[in-house]
Amino acid sequence: MKIAVFYYTQSGQALEVAKSICKPLVEEGIEVVYKEIRPRQAYPFPWDRYDFFDTFPETRLGLPPSGIHPIDCSDVEDARLVMIVGQSWFLSPSLPLQSFFANSSIKSYLDGKDVVFVNACRNMWLMTSRSVKAILAGTGARLVGQIVMQDEAPNLVSAVTIIRWLIYGKKEGTSLLPASGISDRQMDGASRFGKIIFSACQGNNTAHLQQQLLSAGAIDYKPAVLHIEKIGHRMFGLWARFIRKKGGFRDKRRKFRVNLFYSYLLIVLFLLSPLAQLFFYLTYPLQHVQRNKIADCSV
């Protein structure tokens, strides 16, 4: 049995997640083949602040500025399962993931394959999940499972620590703030998902894989955070189109609007989002949380 793992990472976190999930598979003698996604448009890490926010319009509107370097899939044509591991940028699949999915050879390869999507993100994953579902459906692939590895810190705290990591390269915790990203405890625990995936593949039955993953905690559903995400995704669409009117990716004419969006985002994160969470909890009985959870976590 063979499993193909396609991943994009800058910090190394997504690859670490993939290896942790696949550890039990390797121990069971499964051949796991890793394939790195390398976009033709290189992205730095740590980021320059402006360069990071300049990727926002194209990320939100699904307009990756470049493709990917070719990936040789000849050695994984017979893979029993495909795992795609990446991250969210601006409430959407990252630009390298979007470039990967847009590649004609990859579309052809994924046709008819069972796919597990793994998102290593801060805490907002829902709109990325919806995008990936739609993309995979268009390729003829079968999305049989999704796993969300997210920062456990409270929303505002994780916003601070992720900026510290992305812009300044400082992942380690301090006396005031926890470490950025996915904790070591979460990383070690991710191997339980590999055991579930192995059992499903061994029995040649992935029809109930997602329910089994959910029972093992594959998605920590945070309804108040996802409520904010849905609102933010709509607003991001308006901002992305507003910025694009001044030019495409890396066009200096749109610099003022990009910086304006950055200021807006800080206000939303640290002033408006706490109020939105409070409103959500005050109207909690009206939010149909359980019904939404079933829909949001399905594949």
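**A cavity, a set of salt bridges and a greasy patch**

The structure holds one cavity of 30 Å³ or more. The model behind this result is a predicted one. Inside that largest cavity there is about 30 Å³ of space. Its lining is made up of Tyr43, Pro44, Trp47, Asp51, Asp54, Thr55, Phe249 and Arg250. Sorted by type, the lining residues come out as four nonpolar, one polar and three charged. Tyr43, Pro44, Trp47 and Phe249 count as nonpolar, so they make up the nonpolar part of the lining. Asp51, Asp54 and Arg250 are the charged ones, and Thr55 is the polar one.

Asp54 turns up again when the charged side chains are examined. Together with Glu58, Arg244 and Arg254, Asp54 belongs to a network of salt bridges. So this residue both lines the largest cavity and takes part in the network, as a side-chain carboxyl of Asp can pair with a nitrogen of Lys or Arg within 4 Å.

One link in this group is the salt bridge between Arg244 and Glu58, where the closest N and O atoms sit 2.7 Å apart. This pair ties together distant parts of the chain: Arg244 belongs to helix H11 (residues 223-244) and Glu58 to helix H3, with their positions 186 residues apart in the numbering. The two partners differ in how much of them is open to the outside. Glu58 has a relative accessibility of 1%, so it counts as buried, while Arg244, at 32%, is partly exposed.

In total, the structure holds 10 salt bridges. Another of them joins the side chains of Lys2 and Asp78, at 3.1 Å from N to O. Here too, distant parts of the chain are linked: Lys2 is in strand E1 (residues 2-7), whereas Asp78 is in the loop between helix H3 (56-61) and strand E3 (81-86), and the two are 76 residues apart. Which of these partners is buried and which is exposed? Lys2 is the buried one, because its relative accessibility is 13% and the cut-off for buried is under 20%. Asp78 is exposed, with a relative accessible area of 53%.

A further salt bridge brings the side chains of Asp251 and Arg253 together, with 2.7 Å from N to O. The contrast in exposure shows up in this pair as well. Asp251, at 17% relative accessibility, counts as buried, but Arg253 is exposed, with a relative accessible area of 61%.

Away from the charges, the surface carries a nonpolar patch. It is formed by Val160, Ile267, Phe270, Leu271, Leu272 and Leu275, and these residues together have about 530 Å² of accessible area. Where does the largest share of the patch come from? Helix H12 (residues 255-282) supplies it, with five residues. Leu272 is one of the patch residues and has its place in helix H12. With a relative accessible area of 45%, Leu272 is partly exposed. That value is over 30%, so Leu272 clears the exposure cut-off used for patches.

Finally, there is a loop worth a look. Gly29 is found in the loop between helix H1 (13-27) and strand E2 (31-36). At 60% relative accessibility, Gly29 counts as exposed. Gly29 and Met1 are 28 residues apart in sequence, yet their C-alpha atoms are 8.2 Å apart in space.

How values were computed. Residues numbered from 1 in each chain as written. Predicted model: local features only at pLDDT ≥ 70, side-chain atom pairs only at ≥ 80, totals over all residues. Heavy atoms only, no water. Helix = DSSP H or I, 4+ residues; strand = E, 2+ residues; numbered from the N terminus. Buried < 20%, exposed > 50% of the residue type's maximum accessible area, 1.4 Å probe, protein only. Patch = residues over 30% accessible without salt bridge, like charges linked within 9 Å, V, L, I, M, F, W, Y side chains within 5 Å. Areas by Shrake-Rupley, 256 points an atom, 1.4 Å probe, with all protein chains shown as cover. 1 Å grid on protein atoms, 1.4 Å probe; cavity = no way out; pocket = protein on both sides within 12 Å on 5 of 7 lines; lining within 4 Å. Points joined across faces, edges and corners; volume = space filled by probe spheres on them.
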